[in-house]
Amino acid sequence: MSKLISKVACIGGGVIGGGWIARFLLNGIDVAVHDPSPDARRIVDEVLENARRAYARMLMAPLGPEGQLTFHDTLAAAVAGADYIQESVPERLDLKHTVIAAIEAAAPRDALIGSSTSGFRPSQLQEGMAHPERLFVAHPFNPVYLVPLVEIVGSPANTEAALDRAAEIQRETGLKPVRIRKEIDAHIGDRLLEAVWREALWLVHDDVATTEEIDDVIRFGFGLRWAQMGLFETYRIAGGEAGMKHFIEQFGPALKWPWTKLMDVPEMTDALAGKIGDQSDAQSGQHSIRELERIRDENLIGILQALRANDWGAGETLREMEDRFFERAKAVARATETDYRASMVLHETRVPGEWLDYNGHMTEFRYLQVFGDATDAFLGHIGMDDAYRSAGRSVYTVETHIRHLAETKVNTRLSVKSIVLGHDAKRIRLHHEMVDEAGQVQATAEHMLMHVDTEAGRASPMAASLTERLAALSPGQSGLEVPEHAGRPIRDIGWPEPEVS
Ligand SMILES: NC(=O)C1=CN([C@@H]2O[C@H](COP(=O)(O)OP(=O)(O)OC[C@H]3O[C@@H](n4cnc5c(N)ncnc54)[C@H](O)[C@@H]3O)[C@@H](O)[C@H]2O)C=CC1
Ligand SMILES: C[N+](C)(C)CC(=O)CC(=O)[O-]
């Protein structure tokens, strides 16, 4: 669900296309894919699986309904009816020209076209187009579903309005669009990365360091700083109290010393390629690429969540995306308000592989996670949002009873129905029922929630707006049936009679 676009076409579903597809789908946007490779569907499915797992771990908001994914044998079928097209075919200018011409011939006239190219300038890609103003560069970073930056690059043929709209579309999918002021080969990110990459290749070539030692210098050192402050802000601090001015006075002259190889590139001989390959195998060969992707994703999630806690940099973008997920959940709830009184299905999710335990079923604490997410969705629905919480009021769960009723398997689509069993000025008694696609009940939970004044650290009466909403949801008013097991404690089974010898 997006205010600006309803259907996206992704042309190319490899490393980057797959990441785009996952980001659009998880943000509720329908995606039509064209990729002639027989492996495309499998690759997209695998990327999507990683992305679902990552979002379930990263976001506090309910994931909400995904967009619909379709694959098409022809490019024309994929772009038909699309209002945004993302091109992610291999980095060859002739191929990009052929694909862009085919998109232009078949796509709706007002659909915008973003290219993932990491190096070509938009004016190079626009050559031969009847309407070059609709194409721009939207250069993402791998993995596209997690790393929020997208570089938006236009040429003189583009209008500011089209580039603004492109940036807004990207923002709606949780990305941080950075508009590049002038087109330039390789934009900004890859310019910087290439400079470091060239230097690193020289360091390996000259036997100064191995691939692992170079990576250690980055990840134990300045890489940590770059993720949260970039280059200029970090160096400003390194200038001490006098800031950037002193930093430049002190370290500026060193730039003229022969420290760097700058534009020289080592000849990529078989010997150098072999050396890099061998060192890389020794460093990381114990992990498959899929394992490395998961390790990378877990680490990125941790970093993004830490930055979100400070509402800083990429964490601010994550928080904004999360707010949109909460809004989406509320919109879904509002749209189904009439029968939602009867069913109150506020939270849906899917069981990823990593939620399983050694019995091959969803592990215990994930049930609580799903019910906890359902409680958050419910609280959002009755009006307990960020604004409410930022006034120093919230809800704490003080008691929970979960009943496990089925063996919940991987990939099961779960939806949670909620019922308010009762409330008073400070407490809400809430019941959740977790069902699979076939309607089979997998588990139920009953929770006692306590409204608190978070600053004083004690129970407090909730706002009248909440109690009014709760009253409207009472079984008496909503017609919902109170489950017969509600309020039941865990059965007392006593102790076996001692054996008489
Ligand atoms: N791999 C990376 O780290 C990044 C790549 N990019 C850019 O993204 C683009 C794609 O790169 P990757 O995804 O890495 O390449 P890739 O090789 O993983 O994927 C390219 C996909 O395009 C498909 N394809 C080939 N011809 C096609 C056609 N005529 N129509 C539709 N699909 C076609 C291929 O079957 C393949 O699945 C390039 O322009 C690259 O510069 C941008 C950011 C990062
Ligand atoms: C290697 N690369 C030039 C394709 C990398 C990028 O374009 C961006 C990234 O994800 O690092």
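Visitor: How far apart do the C-alpha centres of domain 2 and domain 3 lie?

Guide: They lie 49 Å apart. Welcome, by the way! This is a predicted model, in which local features need pLDDT of at least 70, side-chain atom pairs count only at pLDDT 80 or more, and totals for chains, interfaces and linings use all residues. Residues are numbered from 1 along each chain as its sequence is written, and side-chain values use heavy atoms, with hydrogens and water left out.

Visitor: What are the bounds of the domains, and where do domain bounds come from?

Guide: Domain 1 covers 7-187, domain 2 covers 191-286 and domain 3 covers 336-478. Such bounds come from an automatic or database domain assignment.

Visitor: Why is H485 called buried?

Guide: Buried means under 20% relative accessible area, exposed means over 50%, and partly exposed is in between (1.4 Å probe, protein chains only). H485 has a relative accessible area of 8%, so H485 is buried. Across the 501 residues of the protein, 43% count as buried.

Visitor: Where is H485, and which residues does H485 touch?

Guide: H485 sits in the segment after α18 (475-478). Helices (H or I, at least four residues) and strands (E, at least two) are DSSP runs, numbered from the N terminus. Not counting residues up to four places away in sequence, H485 touches R403, H431, T444 and E446; contact means heavy atoms within 4.5 Å. T444 is 41 residues from H485 along the chain, and their C-alpha atoms are separated by 9.6 Å.

Visitor: What makes V196 partly exposed?

Guide: V196 has 32% relative accessibility, so V196 counts as partly exposed. V196 lies in helix α7, residues 189-205.

Visitor: Which residues make a nonpolar surface patch with V196?

Guide: W226, L231, F232 and Y235 join V196 in a patch of about 470 Å². Patch residues have over 30% relative accessible area and no salt bridge; nonpolar side chains (Val, Leu, Ile, Met, Phe, Trp, Tyr) are joined within 5 Å, and like charges within 9 Å. A salt bridge is a side-chain nitrogen of Lys or Arg within 4 Å of a carboxyl oxygen of Asp or Glu. Accessible areas come from the Shrake-Rupley method with a 1.4 Å probe; for residues, only the protein chains shown count as cover.

Visitor: How much area does the protein expose, and how many helices and strands are there?

Guide: The protein exposes about 26200 Å², and carbon and sulfur atoms supply 56% of it. The secondary structure comes to 18 helices and 14 strands.

Definitions and conventions:
Chains are lettered from A and ligands numbered from 1 in the order in which they are written.
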